[in-house]
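Subject: Structure for your review

Dear colleague,

Please find below the structure I promised to send, together with its sequence. My notes on what was found in it follow directly after.

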Amino acid sequence: MSAPKKKKTKTAPKRRRKTKPQAIPRGTGIKIAIALALLVGIVVGSGLMLQRYLPPAPDTAPAVDRPKTPEAVKKAPPPPKPIKPDATAQKAPTPVTPPVYEIYPAKENVARTPIRPDRPVTGLPKVAIIIDDIGYDRGLARKFMAFNVPLTFSVLPDSPFGDILVKEIKAQGLELMLHQPMEPREYPQVNPGPGALLSTMTADELIAQLERNLDHLPGVRGVNNHMGSQLTTESSRMYQVFSVIKKRKLYFVDSRSTADTICRPSAQMFQVPFAERDIFLDHLQEAPFIRKQFRLLAKEAQKHGQAIAIAHPHSLTVKIFKEMLPELQKQVQLVPASEIVHLLG
């Protein structure tokens, strides 16, 4: 008998020994995070630097930012020439607020002895019309010039259009005066304007101001006062005024802004050619009144052989002047103020 076969017994597989993972050293993760952050910072910073300092691609860069090549510079058209303003084009006049033209005396009919000419008048009596307050309205001044009669224009110092109008007055052969502002009794509530002579000035200040005003009017022939109801009553001040007028060989016309004026005796003392205003033509801006004043002017001239009127740059005055001029010229001879003034005996 054969020996019985031994049964094969299954042996359990050998289990592998589990190895424990090696521990990561402390601090390694922090170092890795820092390194990654530095790497990201370097990449981002490099990108920003390239974007800032490298020129954009030709296809995407705006035209104004593209650097010009030498060829582009050569082919670039020249810049347009600036357009010169037309010298003949006149600018629209700048509106200017005119000053108070005058403070008219309350006592206009005060009895006085008219200044008579030093020799008999032959032919038509002489009339001088002075247009005061020139320098603030070019248009009205030019309308008076356009009448083509020998008017006398009295210009305010430091007026905005005084220099321009002085040149035009002289170019037309018309007579020029300084309309010298002087202190009124209403000062300081009423300001006579730039270049005024005031009672508070020293003698040197007053003389220097008058000299300066005259220097700015080349070709000036005479002076009349603008306002002055206070200053023309002060003998010391008027002596200072007439000393300058005498030195410059000018004449003086008293606007008679007050019945108390002492301009006549002052002119006589300094032997300055002198005359007084007889008529204000337009101190009331009403057409019937201005017509009446023109007729009164003719009567005064016929009565005394001569007369002086003062008008102002108002639109209504220009209108009535044009209307009354033909009638006036039949009765009087219009002359510049220098033909009316004379020395007082």
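Arg185 is partly exposed, with 44% relative accessible area. Please bear in mind throughout that this is a predicted model. The partner of Arg185 in a salt bridge is Asp260, and the closest N and O atoms of the two are 3.0 Å apart. This pair links distant parts of the chain: Arg185 belongs to the loop between strand 3 and helix 5, Asp260 to the loop between strand 5 and helix 7 (263-270), and the two positions lie 75 residues apart in numbering. Asp260 is likewise partly exposed, at a relative accessible area of 45%.

Further salt bridges

A search of the whole structure finds 11 salt bridges. One of them is formed by the side chains of Glu211 and Lys247, with an N to O distance of 2.4 Å. Here too distant parts of the chain are linked, since Glu211 is in helix 5 and Lys247 in helix 6, 36 residues apart. How accessible are the two partners? Glu211 is buried, because its relative accessible area of 13% falls under the limit of 20%. Lys247 counts as exposed, because its relative accessibility of 56% is over the limit of 50%.

Another salt bridge brings together the side chains of Glu327 and Arg295, at 3.6 Å from N to O. This pair also links distant parts of the chain, with Glu327 in helix 9 (residues 315-331) and Arg295 in helix 8 (residues 287-304), 32 residues apart. Both residues are partly exposed: Glu327 has a relative accessible area of 32%, and Arg295 has one of 41%. Beyond single pairs, Glu211, Asp215, Lys247 and Arg248 are joined into one network by salt bridges that share partners.

Strand 4 and its neighbours

Strand 4 covers residues 222-227, and 6 of its 6 residues are buried. Strand 3 (residues 175-182) runs parallel to strand 4, and 6 bridges join the two. Within this pairing, Leu178 has Val223 of strand 4 as its bridge partner. Strand 4 also pairs with strand 5 (residues 251-254), again in the parallel sense, over 3 bridges. In that pairing, Asn224 has Val253 of strand 5 as its bridge partner.

Two crossovers involve strand 4. A right-handed β-α-β unit is made by strand 3, helix 5 (residues 203-215) and strand 4. A right-handed β-α-β unit is also made by strand 4, helix 6 (residues 235-247) and strand 5.

Two asparagine residues

Asn224 is found in strand 4, and at 0% relative accessibility this residue counts as buried. The side chains of Asn224 and Ser154 are joined by a polar contact of 2.6 Å. Although Asn224 and Ser154 are 70 residues apart along the chain, their C-alpha atoms are separated by 7.6 Å. Leaving out residues up to four places away in sequence, Asn224 touches several other residues, among them Ile130, Asp132, Met177, Leu178, His179, Gln180, Phe252, Ser255 and Ile310.

Asn213 lies in helix 5 and is buried, with a relative accessible area of 3%. Which side chain makes a polar contact with that of Asn213? The partner is Gln180, at 2.9 Å. Apart from neighbours within four places in sequence, Asn213 is in contact with Pro157, Leu178, Gln180 and Gly195. The C-alpha atoms of Asn213 and Ala196 are separated by 9.3 Å, with these positions 17 residues apart along the chain.

A buried charge without a salt bridge

Asp133 lies in strand 1 (residues 126-134). This residue is buried yet has no salt bridge, and the nearest side chain of opposite charge, that of Arg277, is 12 Å away. What does the side chain of Asp133 make polar contacts with? One partner is the side chain of His179, at 3.3 Å. Another is the side chain of His226, where the polar contact is also 3.3 Å. His is not counted as a charged residue here, so neither contact enters the list of salt bridges.

With kind regards

Key
Residues numbered from 1 in each chain as written. Predicted model: local features only at pLDDT ≥ 70, side-chain atom pairs only at ≥ 80, totals over all residues. Heavy atoms only, no water. Buried < 20%, exposed > 50% of the residue type's maximum accessible area, 1.4 Å probe, protein only. Helix = DSSP H or I, 4+ residues; strand = E, 2+ residues; numbered from the N terminus. Pairing = 2+ DSSP bridges. Right-handed = clockwise from strand over helix to strand, strands pointing away. Salt bridge = Lys/Arg side-chain N within 4 Å of Asp/Glu carboxyl O. Polar contact = N/O pair within 3.5 Å; in protein donor to acceptor, adjacent residues only side chain to side chain. Contact = heavy atoms within 4.5 Å.
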